[in-house]
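This briefing is intended for a computational chemist who wishes to inspect the model alongside the text. Please consult the sequence and the coordinates shown below while reading.

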Amino acid sequence: MIRAVVVAVAAVAAFAAAPAVASAQLIAIDPGHGGSDPGAVGSGMQEKEIVLDVSTRFADLLRDDTADGRGGGQWSVIMTRVGDESVSLAARASFANSMGADRFLSIHANAFSDPSANGTETFSFSEGTTGAALRNLVQEEMIAAWGLRNRGNKTANFAVLRETAMPAELHELGFITNSGDAVKLASDGARQSAAEAHLRALQRHFGLAPYIPGPADEPDDPGEPEEPDQPERPDEPEQPEGPEDPDEPDPGDPEPEDPDSEDPEDPGDPGDPDAPGGNGDTTSGDSSGGATASGGCAVGAAVGGGHPALLMLLVAWAVRRRPGRR
Ligand SMILES: [Zn+2]
């Protein structure tokens with residue numbers, strides 16, 4: 001396992017001075033993939049772009065919530081990448097650790113060779129932890145927001161879950177390779193609702209009533225009218241959260257994990273939800289390289305196979321407010 005050296009010290013230091021409110025929680029948002037690693041690809045989209053957009057919206061909401069006293073949430077935000085950069089999994093975790101983040105939320109989209117695979121799932125490293133509690137809320141809020149198939153709350157030995165010192169979860173929004181899920185992934189309104197779902201989950205996690213901040217002090221961008229939370233539901237009603245039934249003959253459930261079987265770093269289905277035993281138990285999937293993939297979207301490729309010279313380039317910056325981003 002590579003111990004990443006934090007290079008972007010200047011940027012980090014600029015952030016570290018931020019925590020003004022003693023009670024503010026420092027939230028690390030981790031948009032999956034980036035740079036040379038597009039993540040999952042399908043339906044004319046790339047995972048890295050989708051998850052960066054959702055993550056940025058989420059970050060904006062956290063700042064808006066902080067500025068809007070009606071909600072009660074006080075957050076500071078860091079992101080492991082704010083643009084189309086390659087960042088290793090180790091660097092993502094070590095950055096959050098070095099910053100002393102209170103929570104770590106990683107956002108991904110899934111893929112599988114069988115386009116019928118679909119649905120939403122969320123991972124923590126293990127059960128019975130604070131990270132698992134956060135995971136459950138993210139999954140619950142995302143199911144409510146998007147109405148996709150509930151693939152459940154799972155555990156997996158993913159690097160960003162294993163190596164982060166704070167409670168962490170990793171969310172798979174949906175399958176980029178599934179036409180129904182792709183409608184959500186492509187939609188500005190759905191992306192915003194996903195960001196709001198993450199905010200609500202975090203608020204509930206910290207004992208706050210869910211609250212979506214109103215218009216901030218800045219003028220809103222006139223474009224991009226927001227869709228209602230659930231404009232359409234291409235899929236069938238979802239099962240309640242919890243482990244999936246491995247016997248379920250749902251055609252939309254064909255081993256969606258690990259589409260990138262050619263990934264040499266990938267230990268193989270650490271979070272395979274459909275494997276015998278189900279529930280994506282933490283397995284021996286820990287690759288020595290620490291490049292354990294995230295569920296189905298080949299995170300491992302970003303590290304192990306990618307550009308070793310870039311792995312040390314920590315490009316995690318504090319996210320600046322971006323008026324009109326939404
Ligand atoms: Zn991914």
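The notes that follow are grouped by topic, from overall confidence to individual residues.

The model is predicted, and its mean pLDDT is 73, with 59% of the residues reaching 70 or more. The protein contains nine helices and eight strands. Of its 326 residues, 56% count as buried.

**Confidence and overall organisation**

- Over residues 1–22 the pLDDT stays under 50, and the model has 41 contacts beyond four places in sequence for this stretch.
- A second stretch with pLDDT under 50 covers residues 299–326, for which the model has 94 contacts beyond four places in sequence.
- Among contacts with a separation of 6 or more, 81% are made by residues 24 or more positions apart.

**The largest nonpolar core**

- The largest nonpolar core has 64 residues, of which Ile27, Val160 and Ala194 touch the most other members.
- Helix α2, spanning residues 47–67, gives the most to this core, contributing eight residues.
- As a general background, nonpolar side chains in soluble globular proteins tend to be buried together.
- Beyond its neighbours within four places in sequence, valine 160 is in contact with Asp30, Leu89, Arg92, Ala93, Phe104, Ser106, Ala168 and Leu170.

**Helix α2 and phenylalanine 58**

- Helix α2 has 21 residues, and the distance from its first C-alpha to its last is 30 Å, close to the 30 Å expected at 1.5 Å a residue.
- The helix is mostly covered, since 17 of the 21 residues of α2 are buried.
- Phenylalanine 58 is located in helix α2.
- Phenylalanine 58 counts as buried because it has 27 C-beta neighbours inside 10 Å, where the cut-off for a buried residue is 20 or more.
- Once neighbours within four places in sequence are set aside, the contacts of phenylalanine 58 are Ile29, Ala195, His198 and Leu199.
- Phenylalanine 58 and alanine 195 lie 137 residues apart along the chain, yet their C-alpha atoms are separated by 4.4 Å.

**Helix α7**

- Helix α7, formed by residues 188–205, has 18 residues and reaches 26 Å from its first C-alpha to its last, close to the 26 Å expected at 1.5 Å a residue.
- Because 14 of the 18 residues of α7 are buried, this helix is largely enclosed by the rest of the structure.
- Glycine 207, just after α7, takes a positive phi of about 80°.

**Strand β6 and its partners**

- Strand β6 (residues 120–124) pairs with β7 in the parallel sense over five bridges.
- In this pairing, serine 124 stands opposite threonine 155 of β7.
- Strand β6 is also joined to strand β8 (residues 168–175) by three bridges, and these two strands run antiparallel.
- The bridge partner of phenylalanine 123 in β8 is leucine 170.
- Leucine 170 also appears among the contacts of valine 160.
- Five of the five residues of β6 are buried, so this strand is largely enclosed by the rest of the structure.
- Thr120, Thr122 and Ser124 point one way from β6, whereas Glu121 and Phe123 point the other way, and all are buried.
- Strand β7, made of residues 150–155, is mostly covered as well, with six of its six residues buried.

**The β-α-β unit and glutamine 139**

- Strand β6, helix α4 (residues 130–146) and strand β7 make a right-handed β-α-β unit.
- Glutamine 139 is found in helix α4.
- Glutamine 139 is buried, because 27 other C-beta atoms lie within 10 Å, against a cut-off of 20 or more.
- Glutamine 139 and histidine 198 are 59 residues apart in sequence, and the distance between them is 8.8 Å, C-alpha to C-alpha.
- Histidine 198 is also one of the contacts of phenylalanine 58.

Technical notes
Residues are numbered from 1 along each chain as its sequence is written. A nonpolar core is a set of buried Ala, Val, Leu, Ile, Met, Phe, Trp, Tyr and Cys residues joined through C-beta atoms within 7 Å. A residue is buried if 20 or more other C-beta atoms lie within 10 Å of its own, exposed if 12 or fewer, and partly exposed in between; C-beta atoms are placed from the backbone. Helices (H or I, at least four residues) and strands (E, at least two) are DSSP runs, numbered from the N terminus. Two residues are in contact if their C-beta atoms, placed from the backbone, lie within 7 Å. The expected span of a helix is 1.5 Å times one less than its number of residues. pLDDT is the predictor's confidence in each residue, from 0 to 100. Two strands pair if DSSP finds at least two bridges between them. A crossover is right-handed if, with the strands pointing away from the viewer, the path from the first strand over the helix to the second runs clockwise.
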